[in-house]
Amino acid sequence: MSNFSPVPGTADIFPAEATRYRAIADCADRVFGLYGYGELRTPIFEYTEVFQRGLGGETEVVQKEMYTFQDRGGRSLTLRPEGTAGVMRAMMNTGVMNGEEQRVYYFGPMFRGERPAAGRRRQFHQVGVENVGRISPALDAECIAMLVHFLDELGIQNYDLKLNTRGVQSDRPAAAAMLQEYFGKHLDTLCDDCKVRYEKNIWRILDCKQPHCQQLVGACPDYLNAFSEESRAYFDEVRRQLDLLGVRYTIDPLLVRGLDYYVHTVFELGANLAGSNIAIAGGGRYELFLPGCKKPVPGVGFAAGVERLLMAQGELSAPPPSSGPVFLISLGDAAFLANLTLAGALRRAGVATALEPEAKSMKSQMRAANRLLSPLVIIRGDGEMEQKIVMLKKMSDGSQSQVADDQIISTLKGMLS
Ligand code: HAM
């Protein structure tokens with residue numbers, strides 16, 4: 001592969017597609033704004049420790065997928081693989097430690113060294129939200145309902161929303177012991193990855209995709225019974241509120257999510273895209289220790305993969321072709337100079353305008369207008385210059401009319417509005 005191709009798993013996003021990304025960002029700003037969220041832009045790279053501490057040293061993302069490098073000062077830096085850890089780092093100087101609530105959303109590139117596939121990139125984009133500082137089942141339910149609202153506005157409907165609880169940290173040892181006892185009896189038949197998971201992070205066995213491991217997982221004991229009364233009551237309340245809000249979901253005890261910071265509610269939204277079930281969004285409630293703090297800071301949030309949202313929209317309908325600029329056709333030098341001045345005035349008046357910079361035939365300039373999907377074309381030659389008029393051609397029906405020089409801007413604005 002040539003050195004001039006984009007690195008595998010990255011892509012150039014040309015204007016037509018960039019418009020679709022922007023539409024998602026605009027929708028996020030509008031919908032999340034209704035719930036009191038404002039945009040937070042954090043740096044694209046952070047000290048590596050931010051992610052190691054935030055996501056957990058044993059997680060797959062930290063172990064295998066981070067783009068980590070040393071800068072010239074010998075500091076270890078990492079391109080952000082997700083947004084939550086950086087948002088929480090940014091919260092250090094706010095009142096979240098004293099229970100003040102912060103509502104922020106983000107949109108931007110993330111980086112994970114995964115094997116590229118349909119819907120899986122090494123540089124991808126996430127749009128996400130974090131509600132930081134307070135803990136309440138009502139906030140978890142509202143956050144999930146907001147994700148559903150966002151997808152409704154994007155026209156995405158065919159998905160499953162899975163819900164589970166991870167309990168609180170102190171519930172885990174008893175529940176993990178239950179799993180250890182069960183999987184310990186089947187250790188020989190677990191896949192090689194799960195043998196390592198058995199030692200390092202037993203919960204990850206629950207989402208192994210190997211058929212035999214899945215069979216064992218299907219028969220494993222209900223670890224929720226080992227969770228505290230408090231955790232079960234919290235989960236019941238989240239479900240009660242989601243039911244009241246009319247959010248449809250299924251409970252999936254195997255949903256554990258890949259990042260270590262989750263407590264209580266976790267959720268994932270999957271859809272059938274390009275023939276397989278792909279996670280469009282995921283999130284949950286979490287607790288993160290900020291440097292120098294003895295108490296963890298609570299939060300709840302989610303992130304959706306923008307490329308996957310675009311795929312989900314693409315399966316529904318192709319984006320409508322957008323309308324192009326007004327095209328100014330010049331026949332002769334004098335006409336070109338007049339059109340150059342007109343283009344400047346039109347653009348300042350808010351009308352997107354294009355013109356051919358070199359002397360070309362009428363036919364070739366019309367071809368350019370067609371290629372750009374121009375709805376209106378202005379034609380100016382020596383004859384029109386003498387009469388102080390232009391010809392205005394409507395591309396949809398081919399009709400032409402004369403417009404006086406001093407009426408061009410108002411006529412075009414009227415026709416385009
Ligand atoms: P995550 O499940 O790791 O969660 O990622 C969220 C979403 O990002 C996924 O559902 C998927 O749509 C998209 N995504 C992940 N990796 C890739 C990839 N390689 N290519 C394309 N899309 C991808 C988080 O990142 C958490 N920070 C979410 C969260 C926010 N939890 C609480 N607050």
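Two strands count as paired when DSSP finds at least two bridges between them. Keep that in mind for the first stop. The model on screen is predicted.

**Stop 1: a strand pair**

Select residues 376-380, strand E14, and residues 389-394, strand E15. The two run antiparallel and share 4 bridges. Now pick Ile378. Its opposite number in E15 is Leu392.

**Stop 2: the whole sheet**

Widen the selection to the sheet around this pair. Its 5 strands follow the order E13-E12-E14-E15-E16. The sheet is open, and its pairing is mixed. Which strands stand at the edges? Colour 353-355 (E13) and 400-404 (E16) to see them. Each has a single partner strand, so one side of each has no neighbour in the sheet. Look along the sheet for its twist, which averages 25° from one strand to the next.

**Stop 3: helices on the sheet**

Add helix H11, residues 333-348. H11 packs on the sheet and touches E12 (326-330), E13 and E14. The direction of H11 makes about 160° with that of E13. Next, show helix H14, residues 408-416. H14 lies across E12, E14, E15 and E16. Against E14, H14 runs at about 160°.

**Stop 4: zoom out to the domains**

Colour by domain. The domain assignment gives domain 1 as 15-168 + 228-317, and domain 2 as 326-416. Their centres, taken over C-alpha atoms, are 48 Å apart.

**Stop 5: the largest nonpolar core**

Select Phe32, Val127, Phe150 and Leu309. These have the most contacts inside the largest nonpolar core, which has 45 residues. Which helix gives the most to this core? Helix H5, residues 137-153, does, with 10 residues.

Stay on Leu309 and show what surrounds it. Beyond its neighbours within four places in sequence, Leu309 contacts Ile24, Val127, Phe150, Leu151, Leu154, Ile156, Ile280 and Ala304.

Another core lies apart from this one, with 26 residues. To find it, select Phe51, Val62, Met88 and Tyr286, which are among its members.

**Stop 6: a two-faced helix**

Finish at helix H8, residues 211-218. Which residues of H8 are buried? Cys213, Leu216 and Val217 are. Look down the axis of H8: the buried residues fall within an arc of 100°, so they line one face of the helix. Show helices H6 (172-184) and H7 (192-200) as well; the buried residues of H8 pack against both. Then turn to the face pointing away from the buried side. There you find the exposed residues Pro211, Gln215 and Gly218.

Terms used
Residues are numbered from 1 along each chain as its sequence is written. This is a predicted model: local features need pLDDT of at least 70, side-chain atom pairs count only at pLDDT 80 or more; totals for chains, interfaces and linings use all residues. Side-chain values use heavy atoms; hydrogens and water are left out. Axes are lines fitted to C-alpha atoms, for helices over the stretch in contact, and angles run from 0 to 180 degrees between N-to-C directions. Contact means heavy atoms within 4.5 Å. Domain bounds come from an automatic or database domain assignment. Buried means under 20% relative accessible area, exposed over 50%, partly exposed in between (1.4 Å probe, protein chains only). The arc is that of the directions from the helix axis to the C-beta atoms. A nonpolar core is a set of buried Ala, Val, Leu, Ile, Met, Phe, Trp, Tyr and Cys residues joined through side-chain atoms within 4.5 Å.
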